[in-house]
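Work through the exercises below with the model open beside you. Try each task before reading its solution.

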Amino acid sequence: VARLHAVYGASGAGRGIMPLLRAQNGNAADIECLYVDDAADGTLVNSQRCLTLEQFLNEPVSERKIVLAVADGAIRRRLAERCHAERIGFLSVVAQQHVRMDASIIGEGAVFSPFTTVASNVQIGKHFHCNINSYVEHDCVIGDFVTFAPSVCCNGNIQIRDGAYIGTGAVIRQGRHGAPLTIGENAVVGMGAVVLGDVAPGEIVVGNPARVMRRV
Ligand code: UDP
């Protein structure tokens, strides 16, 4: 093979992204999809090779690309810096069952799992994870290293800042044009929360209606 396409992280998130990457590559004979993980010990993961970053860098190939596949956005940020320093290009992975509407701008390294939707005029930063069944509605602005667990309902005119984590099944009320609802940097929205107003940076909110549980 001449090209290596790696999924960085061989745990839950990574094993959910690998099949999407393989499908995206079709049956290209010159591309090997494999895992990179700092804990790699030489054993295969779901029948695919799993290397350390150093081993990955030492493979004699013409192209090396990687998608960051750890759900924790702070870890993705750290891994992105390492990969960038090693001049490894980033892949985006988009499931075949993803729906993309008009005029969105999406940064490098994004992952869109099956049955996700990005509606029109959305702006998304780098290394976004949009897990199964989640949507981003019209006019949202999403920062870098943001993570959506499955089934997040992110309605129109919402702004989500860098590093925020939105838990499974959370519902965020739509903002208004010119007055978006804002989820602050590194905030955490708990599973099933129904968010009716702004969430400050670093806050953890839970419940319906969502209330502050504590700060990160
Ligand atoms: N990992 C890594 N380097 C890091 C942090 C994590 O290679 O700096 C790997 C770790 O060894 C594990 C995976 O990433 O295999 C993270 O798995 P975890 O189950 O914690 O998270 P998830 O897959 O659910 O995002």
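## Exercises on the ligand and the fold

**Exercise 1.** Find the backbone N or O atom of Gly12 and state how far it lies from an oxygen atom of the ligand. Then do the same for the backbone of Ala13 and for the side chain of Ser11.

*Solution.* Keep in mind that this is a predicted model.
- Step 1: start with Gly12, where a backbone N or O atom is 3.1 Å from a ligand oxygen.
- Step 2: go on to Ala13, whose backbone N or O atom lies 2.9 Å from an oxygen of the ligand.
- Step 3: turn to Ser11, where a side-chain N or O atom is 2.7 Å from a ligand oxygen.
- Step 4: apply the cut-off for a polar contact, a pair of N or O atoms within 3.5 Å. The pair at Gly12 meets it, at 3.1 Å. So do the pairs at Ala13, at 2.9 Å, and at Ser11, at 2.7 Å.

**Exercise 2.** Describe the residues around the ligand: how many are there, and which come nearest?

*Solution.*
- Step 1: count the shell, which has 14 residues.
- Step 2: pick out the nearest ones, which are Ser11, Ala13, Asp37, Asp38 and Ala71.
- Step 3: sort the shell by type. Eight residues are nonpolar, three are polar and three are charged.
- Step 4: look for helices. Helix H1 (12-24) and helix H3 (73-85) each supply at least two shell residues. H3 gives the most, with three.
- Step 5: place the ligand. The ligand sits in the largest pocket.

**Exercise 3.** Decide what the radius of gyration says about the protein.

*Solution.*
- Step 1: list the elements. The protein has three helices and 24 strands.
- Step 2: compare two values. The radius of gyration is 18 Å, close to the 17 Å that the globule rule gives for 216 residues.
- Step 3: conclude. The protein is therefore as compact as a globular protein of that length.
- Step 4: add the extent. Along the principal axes, the C-alpha atoms fill a box of roughly 50 × 35 × 30 Å.

**Exercise 4.** Locate Pro209, Phe115 and Asn157, and note the backbone feature at each.

*Solution.*
- Step 1: go to the loop between strand S23 (203-206) and strand S24 (211-215), where Pro209 is found. A cis peptide bond joins Asn208 to Pro209, with omega about -5°.
- Step 2: find Phe115 in the loop between strand S9 (111-112) and strand S10 (117-118). Phe115 is not a glycine, yet its phi is positive, near 65°.
- Step 3: find Asn157 in the loop between strand S16 (153-154) and strand S17 (158-160). Phi of Asn157 is positive too, near 60°.

Terms used: Residues are numbered from 1 along each chain as its sequence is written. This is a predicted model: local features need pLDDT of at least 70, side-chain atom pairs count only at pLDDT 80 or more; totals for chains, interfaces and linings use all residues. Side-chain values use heavy atoms; hydrogens and water are left out. A residue is near a molecule or strand if one of its heavy atoms lies within 4 Å of it. A polar contact is a pair of N or O atoms within 3.5 Å; within protein, one must be able to donate a hydrogen and the other to accept it, and residues adjacent in sequence count only if both atoms are side-chain atoms. On a 1 Å grid over the protein atoms alone, a cavity is a set of points where a 1.4 Å probe fits but cannot get out, and a pocket is an open set with protein on both sides within 12 Å along at least five of seven lines; lining residues have an atom within 4 Å of a point. A molecule sits in a cavity or pocket if more than half of its atoms lie within 2 Å of its grid points. Helices (H or I, at least four residues) and strands (E, at least two) are DSSP runs, numbered from the N terminus. Ala, Val, Leu, Ile, Met, Phe, Trp, Tyr, Cys and Pro count as nonpolar, Asp, Glu, Lys and Arg as charged, and the others, Gly among them, as polar. The radius of gyration is taken over C-alpha atoms; the globule rule is 2.2 Å times the number of residues to the power 0.38.
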